[in-house]
Amino acid sequence: MPIREIAADDAAGRRRFIRLERELHEGEPKFVSTIDADEDTFLSGEASFNGGIDHALFIASNDGDVARCAAFVNRRYQEQHQEPVGFIGHFAAAPSAEGEVMELLSAGEEWLGQRGVTRVIAPYSFLGMFGVRAAEFEASPLFPFRWHPPHYGDYLEAAGYRPTYPWWSFRIDFASERYREASRRAIEDAQCAVRPFDKKRWREEWELVSTLFNRTFQDEWEFYPLTVEEWCEFYDPVKPLFDPRQVLFAEIDGEPAGVCIGSPDYNPLFRKARGKLGLIRQLRFALGARRTHRAGLWMIGVLPDRRGKHIGQTLAATLYRRYEELGLGEAEYHIVNEENLGSRSLAESLGGEGRVLYRNYDRRLD
């Protein structure tokens, strides 16, 4: 059961690594592939997201490739949390490959341990790839999150990882009486002004998002500070499709107090792209993206000194009004760190029905 480490400058090896997940799960109708070129930019170390990050890629084979993972040391995260934590991410594996997966994870852990890591969190990949799917495997995941088979969690637990970090998602029914009343009050009795993102000030607005994110999420276990370059790198490709009413700012006396970000569900379009976005597929993607069938709020933050004024509720209600205008009958409020009681309470105040959809695991190295 050989384990191969792929060198950072091995372009063919990276392509093999990237293709493997799609080859393992392409027959699964809920599976969503990443775009190969985007993942290659990140794994080659050329993305803005790579700042302060070292990583290695591993593939396990047994009469063909059966599993992969990447090991990460994120110095920004370590500095933020003052702990020598490392990460396993970009995890994918075939069913009935437990022996190969155990050796694969062991190789990643050995690489991390050689760099001073004492605790590993998995899976965590720095591109919106939080955890593994923990429920509703028959349902299509909502962008920007992804589908995983049930055996991923089983493999991690077999390797000694604990299911430490649950992620909640809440379904908001726009027809429910609780939502109707709570959203009405949140907007009519607002203690802040809400404005949409100004696309004419593209970089300045993402600079503001970056500042608010870094100030409002400092207490979250998953947090490390992001730069404006990282936000722009994520959103620049969809700028022509970007709906400014799905990124909202709260202001009090003209000063920023909070931010809320939602998104339509692009996953069906990524699924059809099958890892490639040539010119024809880009045109199809652009046309499909203008038809919104599902959507969700996936980030909301209020500055600590502005909390207690129902600002988060006003931001969320304003975003959901936008989705009502687009003809949706419901939307998600996702994903929420289980320890973030304020955010969970906000979702429930709008009638949200919560369930744990993803989990992160951790393990201390001997």
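Student: Why is D63 called exposed?

Tutor: This is a predicted model, and D63 has a relative accessible area of 83% in it. Exposed means over 50%, so D63 at 83% earns the word. You will find D63 in the loop between β2 (53–61) and β3 (65–74).

Student: What is noted about the phi of D63?

Tutor: D63 has a positive phi of about 55°, although this residue is not a glycine. For context, most residues other than glycine have a negative phi.

Student: Where is Q82, and what is its phi?

Tutor: Q82 sits in the loop between α3 (75–81) and β4. Its phi is positive, about 50°, and Q82 is not a glycine.

Student: How do you know whether Q82 is buried or exposed?

Tutor: The relative accessibility of Q82 is 67%. The cut-off for exposed is over 50%, so Q82 counts as exposed.

Student: Why is H334 called buried?

Tutor: H334, in strand β12 (residues 330–337), has a relative accessible area of 5%. Buried means under 20%, and 5% falls under that, so H334 is buried.

Student: Which residues does H334 touch?

Tutor: Leaving out residues up to four places away in sequence, H334 touches L142, F143, F145, W168, S169, G296, L297, W298 and M299.

Student: What makes E100 buried?

Tutor: E100 belongs to helix α4 (residues 98–113). Its relative accessible area is 8%, and since buried means under 20%, E100 is buried.

Student: How far is E100 from D198?

Tutor: The two are 98 residues apart in sequence and, C-alpha to C-alpha, 50 Å apart in space.

Student: How do you know that C192 is in no disulfide?

Tutor: The structure holds 0 disulfides. For C192, the nearest cysteine sulfur is that of C260, 11 Å away. A disulfide needs the two sulfur atoms within 2.5 Å, so at 11 Å C192 is in no disulfide. C260 is likewise in no disulfide, with the sulfur of C192 as its nearest cysteine sulfur.

Student: Are these cysteines, C192 and C260, buried or exposed?

Tutor: C192 has a relative accessible area of 13%, and C260 has 0%. Buried means under 20%, so C192 is buried and C260 is buried too.

Student: Why is α1 called oblique to α2?

Tutor: The axes of α1 (residues 11–25) and α2 (residues 36–43) come within 10 Å and cross at roughly 130°. Roughly perpendicular runs from 65 to 115 degrees and roughly antiparallel is over 145. An angle of roughly 130° fits neither, nor is it under 35 degrees, so α1 is oblique to α2. The crossing is right-handed.

Student: Which residues make that contact of α1 with α2, and of what kind are they?

Tutor: From α1 come R14, F17, I18 and R22, and from α2 come D36, E39, D40 and L43. They divide into 3 nonpolar, no polar and 5 charged.

Student: What makes α7 and α8 oblique to each other?

Tutor: Helix α7 (residues 202–216) and helix α8 (residues 228–235) have axes that come within 8 Å and cross at roughly 120°. That angle is over 115 but not over 145, so α7 and α8 are oblique to each other. Their crossing is right-handed.

Student: Which residues of α7 and α8 meet, and how many are nonpolar?

Tutor: On the α7 side they are W202, R203, W206, E207, V209, S210 and F213, and on the α8 side V228, E229, W231, C232 and Y235. This contact has 8 nonpolar, 1 polar and 3 charged residues.

Student: Which residues of α5 are buried, and what do they pack against?

Tutor: In α5 (residues 151–158) the buried ones are H151, Y152, G153, Y155 and L156. The buried residues of α5 pack against several elements, including α1, α4 and β13 (353–364). After α5 comes G160, with a positive phi near 95°.

Student: Where are the prolines of the cis peptide bonds A122 to P123 and F143 to P144?

Tutor: P123 is in the loop between β5 and β6, and the bond from A122 has omega near -25°. P144 is in the loop between β6 and α5, and the bond from F143 has omega near 10°. Most peptide bonds are trans.

Conventions. Residues numbered from 1 in each chain as written. Predicted model: local features only at pLDDT ≥ 70, side-chain atom pairs only at ≥ 80, totals over all residues. Heavy atoms only, no water. Buried < 20%, exposed > 50% of the residue type's maximum accessible area, 1.4 Å probe, protein only. Axes fitted to C-alpha atoms, helices over the stretch in contact; angles between N-to-C directions. Helix = DSSP H or I, 4+ residues; strand = E, 2+ residues; numbered from the N terminus. Left-handed = near helix turned anticlockwise from the far one by under 90°. Contact = heavy atoms within 4.5 Å. Nonpolar A, V, L, I, M, F, W, Y, C, P; charged D, E, K, R; others polar.
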